[in-house]
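Visitor: I am new to protein models. Could you take me through this one step by step?

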Amino acid sequence: RTASSPTTWLRWWVQARTVAPSQTFDYAIASIYAGDVSTAVRLERRWLALQRPDGGFDDGFVFGPFGAQVGFGDPTSYAVARFILFERVLGVVLAPE
């Protein structure tokens with residue numbers, strides 16, 4: 001409502017819906033350590049659907065209305081490293097003893 005132009009509004013809208021995979025994986029790891037494993041599992045399910053055939057993730061995603069999602073940017077080793085750590089921690093927590 002306070003944007004000075006439609007272009008500014010669109011830029012804010014896209015920025016508000018842009019998510020970096022590595023930040024999400026960090027949040028999921030923090031959820032596990034906080035005892036909220038269900039959030040971590042829910043995030044894992046959503047992100048596995050966005051994983052590229054080469055095992056990486058686009059550098060960022062814009063999530064739009066009606067479930068639309070657009071990935072952009074080359075995958076980074078940081079995002080993959082965070083995902084591997086996330087999967088390892090989640091696997092340890094959920095592994096039967």
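**Helix α3 and its surroundings**

Guide: T39 lies in helix α3; helices (H or I, at least four residues) and strands (E, at least two) are DSSP runs, numbered from the N terminus. This is a predicted model, in which local features need pLDDT of at least 70 and side-chain atom pairs count only at pLDDT 80 or more, while totals for chains, interfaces and linings use all residues. Residues are numbered from 1 along each chain as its sequence is written, and side-chain values use heavy atoms, with hydrogens and water left out.

Visitor: Is T39 buried or exposed?

Guide: Buried means under 20% relative accessible area, exposed over 50%, and partly exposed in between (1.4 Å probe, protein chains only). T39 has a relative accessible area of 9%, so T39 is buried.

Visitor: Which side chain joins that of T39 in a polar contact?

Guide: A polar contact is a pair of N or O atoms within 3.5 Å; within protein, one must be able to donate a hydrogen and the other to accept it, and residues adjacent in sequence count only if both atoms are side-chain atoms. At 2.6 Å, the partner of T39 is D36.

Visitor: What should helix α3 span?

Guide: The expected span is 1.5 Å times one less than the number of residues in the helix. Helix α3 has 12 residues (37-48), and its end C-alpha atoms are 16 Å apart, which agrees with the expected 16 Å.

Visitor: Which elements do the buried residues of α3 pack against?

Guide: The buried residues of α3 are V37, T39, A40, V41, L43, E44 and W47. Contact means heavy atoms within 4.5 Å. The buried residues of α3 pack against β1 (18-19), α2 (21-33), β2 (60-63) and α4 (77-94).

Visitor: Which element supplies the largest share of the largest nonpolar core?

Guide: A nonpolar core is a set of buried Ala, Val, Leu, Ile, Met, Phe, Trp, Tyr and Cys residues joined through side-chain atoms within 4.5 Å. The largest one has 17 residues, and F25, I32, A40, W47, F86 and L90 have the most contacts inside it. The largest share of this core, five residues, comes from α3.

Visitor: How are the planes of W47 and F61 arranged, and what kind of aromatic pair is this?

Guide: Rings of Phe, Tyr and Trp (its six-membered ring) pair if their centres lie within 6.5 Å; planes under 30 degrees apart count as stacked, over 60 as edge-to-face and the rest as tilted. W47 counts as buried at 4% relative accessibility, and F61 counts as buried at 3%. Their rings are 5.2 Å apart centre to centre, with 75° between the planes, and the pair is edge-to-face.

Visitor: Which residues are linked in a network of salt bridges?

Guide: A salt bridge is a side-chain nitrogen of Lys or Arg within 4 Å of a carboxyl oxygen of Asp or Glu. R52 has its closest N and O atoms 3.5 Å apart in the bridge with D54, and 2.8 Å apart in the bridge with D58. The linked residues are R52, D54 and D58.

Visitor: How many residues apart in sequence are the parts that D26 and R82 tie together?

Guide: D26 forms a salt bridge with R82, the closest N and O atoms being 2.5 Å apart. D26 lies in helix α2 and R82 in helix α4, so the separation in sequence is 56 residues.
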